[in-house]
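Let's take a walk through this one together, starting at a single residue and working outwards. Have the viewer open and follow along.

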Number of protein chains: 2
Amino acid sequence: VGGGVAEILEKHHAIICSRAGVRIELTRALVRNKRRKRKGPAGDVALTTKVSDIVGADDIDIVVELMGGMEPALEYMTTALAAGQTVVTANKAIVAEHGAKLIKAASKAKRDVHFEAAVAGGIPIIRTLREALASDQVSQITGILNGTTNYIVEAMAKGRSYEEALSAAQELGFAEADPTLDVSGRDAADKLSILMGLSFGTTIKPSKIPTDGITKLTKEMMEDAADLGYSMKLLASAQRTEEGTIQAGVFPYFVPLGHELSAVPDAQNAIFVMSDSLGSTLYQGPGAGGLPTGSAVVADIIEAGRNVAGKSRGRLSIGVVRKGPKLAASGDAVCAWYLRLNVLEEPGVLASVTKVLADEGISLATVWQLPPVGPGAPVDIVMTTHETREGAMNKALRRISKLRTVCDAPKVVRIYDGSGASNR
Amino acid sequence: VGGGVAEILEKHHAIICSRAGVRIELTRALVRNKRRKRKGPAGDVALTTKVSDIVGADDIDIVVELMGGMEPALEYMTTALAAGQTVVTANKAIVAEHGAKLIKAASKAKRDVHFEAAVAGGIPIIRTLREALASDQVSQITGILNGTTNYIVEAMAKGRSYEEALSAAQELGFAEADPTLDVSGRDAADKLSILMGLSFGTTIKPSKIPTDGITKLTKEMMEDAADLGYSMKLLASAQRTEEGTIQAGVFPYFVPLGHELSAVPDAQNAIFVMSDSLGSTLYQGPGAGGLPTGSAVVADIIEAGRNVAGKSRGRLSIGVVRKGPKLAASGDAVCAWYLRLNVLEEPGVLASVTKVLADEGISLATVWQLPPVGPGAPVDIVMTTHETREGAMNKALRRISKLRTVCDAPKVVRIYDGSGASNR
């Protein structure tokens, strides 16, 4: 990202200065090793290995943190803010984990911390939540926040296995050699935590958000989704409940084919917002990549520059609401469900399964038994339910798993309702 | 809109003040008649019929113009700016016609003029172009900018006649009693002119933008669109050409069914932006209506309030680029075309038509002759072309119209390419 930012700052220097209303110069860059060969514009950038040449330096107005990781990046940023510098960061993990702390430090120092690039670099969602929706009340925010998993799930929908799709994503540079952060849903949970803070004023750590990734998805589940009129997507979703809490989670979902989120292609991100005044709005664009992320960082640098020039630093940190609602218990989440069971083919099996569901107050929408593969072989039953509390569903699943006639662990996927009305 | 703004300001007063970091009070409202009964919050708003109670008044920081029309609204706004007040307006026509003048007046007075509500109230596109895309270079901006026509065209796609669809839109309050501004495409051209100014730095009057509305669309054209895999949409589009000019226009288009703009429903708006760093991004939301527009006005008021509190007025007007490229000649626009001809059923007709097209260098993609309605009756030929300069197409159409065997004026619709590569 550092290289991308430097490239944009050099390539579009005149227009950037014109739009910021002030000369913006990249003067110093902190590096581990000054002698290492680098690609990209050298310009008049002085390389240094001394942090104090940048953080707290009198002649630097804006510190751009692109080093990643938790420490020392966090310490550098709080030190810079305390010294009266404006901070721009793309560090999703830090903003997710310590965003409130950073904003407080900025507010105290009458400076700003900008982090547009931390969530969906190609979509100006941070700006939109901070400014455009400032007078509005968000009731739901649901997004495809991880491009890697969106790419993999789309490839699986086209018939590839999980392993094949992951390899393809790695070859294209979408997925890391260790893809855990992406495929586990944790990357999306980090981003959701940031969006929740801006939408609802919560300070909920990503680790508290119920999260499941895409590693358990199978070819059969993808086919069932298509047969039933859905598209499989990893959604990160948060919404207000009637009790005033926030229901949040990151899970694979069946998304109805007509819904805007169902057709988001490739490694794109998309964010669907429901708010009191606007109703539903959608923001779609590239989620990652050097240029989109670099562009978001530079947009922040321009805004920071304008605020330096206009003597209006600290403007963004004014009036940040920070005593938001609590997270709802995950068992209280309500949605429709898809279930696929592998059962022995003998009389009464379906009856015993549906009895458990009925006991837990779960009402079925569709039931569909697949033809047996051979005589005596187990068969698959595919079911969808009407809206059901997650707690009831989990209880039913535990009971169903224990039935003698059920061969494998049930496969389950949530069904997205899209209206924002399904999670109450 | 005035009522909606007052309602939001009252209903969300605490959160608005908190987000602006300063108390925001609606104190005075200019009205024609103080005694007329009004709906909505009365609060402590003093009604006045004297402009000078508001415009130029010492105790008013922000003047919100929601009266509409050209004069005296424009004069009030320039007077307010000169007197050191910040202006928020939803007046699309004024910003389209005199935006550069207003921004200059604001810049001179070190104040700002905010106009998020002037284009697609429910989509923060002004903010996005001013800030998020500030470091980027926009190459194309294409939008569904008029909800009324989107509603009508969608209803026609479902089989209604133009008149039926228009009546339905009027009953639902989407369309005015006199719908000319909407259905002629002129409303969309006003908005496109504003977006072009922000995207490319142009100062092109809406009347200079080639514009055609939806009044000539027929049932057959809608059916052909569906049969050929397209959705009909009124698009307002502008893009950079290789010559450094801007190709712009408002026209009905066949939009490929997979493209994000093809599925925008009801009276929603959507804006598709292609830029160097981000690639393609999409913004979709409600285009009009009291609450979305009111919400955009209040977002502007909050930003204006923050800038008053932060002593950073004039910040937005810093560095506005205003010597942009020129409009390209409309004949130079390049796109694929759909044609429907009503011709006599006699030998050689198709040959004479295709000869004209070949003469003008137009290459056909598909040709499709419909079965005759009865013996001797004229038949319809449906054709699509490969990419063709508009000038060549117009010349061919003039020649085809003059052929003895062609009964009616040819029906033509542009085909949207979506990649931004089609208009060169």
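Start in the loop between α5 and β6 (138-144) of chain A, where you'll find L133(A). One thing to keep in mind as we go: this is a predicted model. Is L133(A) buried or exposed? With a relative accessible area of 2%, L133(A) is buried, because anything under 20% falls in that class. Setting aside neighbours within four places in sequence, what does L133(A) touch? Its contacts are T128(A), V138(A), V273(A), S275(A), L278(A) and, from the other chain, R19(B). If you'd like a distance to check in your viewer, try L133(A) to V119(A): they sit 14 residues apart in sequence and 17 Å apart in space, C-alpha to C-alpha.

That contact with R19(B) takes us to the interface. On chain A, 49 residues are in contact with 49 residues of chain B. Together the two chains bury about 4200 Å², with 50% of that on carbon and sulfur atoms. How many salt bridges are there between chain A and chain B? The count is zero. Polar contacts do turn up, though: six residue pairs between chain A and chain B, both partners at pLDDT 80 or more. As for which elements do the touching, α2 (13-20), α5 (125-132), β10 (279-286) and α11 (290-309) of chain A each supply at least two residues to the side that touches chain B. The biggest giver is α11(A), with nine residues.

Now move to helix α6 (residues 147-157) of chain A. Ten of its eleven residues are buried, so the helix is largely enclosed by the rest of the structure. The buried set runs through G147(A), T148(A), T149(A), N150(A), Y151(A), I152(A), V153(A), E154(A), A155(A) and M156(A). An α-helix has 3.6 residues a turn, so residues three or four places apart point the same way. What do the buried residues of α6(A) pack against? The list is β6, α7 (162-171), α8 (180-183), α10 (219-227), β7 (230-240) and β9 (268-275), from chain A. Have a look at the ends of the helix too. At the start of α6(A), a side-chain oxygen of N146(A) comes to within 3.3 Å of the backbone nitrogen of T148(A). After α6(A) comes G159(A), with a positive phi near 110 degrees.

Next, the charged pairs. Over all chains, the count is 36 salt bridges. One of them pairs R23(A) with E25(A), at 2.5 Å from N to O. R23(A) has 61% relative accessibility and therefore counts as exposed, while E25(A), at 41%, is partly exposed.

Another salt bridge joins K395(A) and E360(A), whose closest N and O atoms are 4.0 Å apart. This pair links distant parts of the chain, 35 residues apart: K395(A) is in helix α13 (residues 390-402), and E360(A) is in the loop between α12 (349-359) and β12 (364-369). K395(A) is partly exposed, with a relative accessible area of 44%, but E360(A) is buried at 17%.

Then there's R414(A) with E390(A), a salt bridge whose closest N and O atoms are 2.9 Å apart. R414(A) lies in strand β15 (residues 411-415) and E390(A) in helix α13, so the pair ties together parts that are 24 residues apart in sequence. R414(A) counts as buried at 12% relative accessibility, and E390(A) is buried as well, at 9%. Salt bridges that share partners also join K355(A), D359(A), E360(A), K395(A) and R399(A) into one network.

For an uncharged side chain with a polar partner, go to N342(A) in strand β11 (residues 334-343) of chain A. N342(A) is buried, with a relative accessible area of 19%. Its side chain meets that of D380(A) in a polar contact of 2.5 Å. Not counting residues up to four places away in sequence, N342(A) touches P378(A), V379(A), D380(A), T405(A), V406(A), C407(A) and D408(A).

Let's finish on the surface. Which residues form a nonpolar patch there? V1(A), V64(A) and L66(A) do, with about 200 Å² of accessible area together. V64(A) belongs to strand β3 (residues 62-65) of chain A, and at 32% relative accessibility V64(A) counts as partly exposed.

Technical notes: Residues are numbered from 1 along each chain as its sequence is written. Chains are lettered from A and ligands numbered from 1 in the order in which they are written. This is a predicted model: local features need pLDDT of at least 70, side-chain atom pairs count only at pLDDT 80 or more; totals for chains, interfaces and linings use all residues. Side-chain values use heavy atoms; hydrogens and water are left out. Patches are made of residues with over 30% relative accessible area and no salt bridge: like charges are joined within 9 Å, nonpolar side chains (Val, Leu, Ile, Met, Phe, Trp, Tyr) within 5 Å. Accessible areas come from the Shrake-Rupley method with a 1.4 Å probe; for residues, only the protein chains shown count as cover. A salt bridge is a side-chain nitrogen of Lys or Arg within 4 Å of a carboxyl oxygen of Asp or Glu. Helices (H or I, at least four residues) and strands (E, at least two) are DSSP runs, numbered from the N terminus. Buried means under 20% relative accessible area, exposed over 50%, partly exposed in between (1.4 Å probe, protein chains only). Contact means heavy atoms within 4.5 Å. Buried area is the accessible area (1.4 Å probe) that two parts lose on being put together, summed over both. A polar contact is a pair of N or O atoms within 3.5 Å; within protein, one must be able to donate a hydrogen and the other to accept it, and residues adjacent in sequence count only if both atoms are side-chain atoms.
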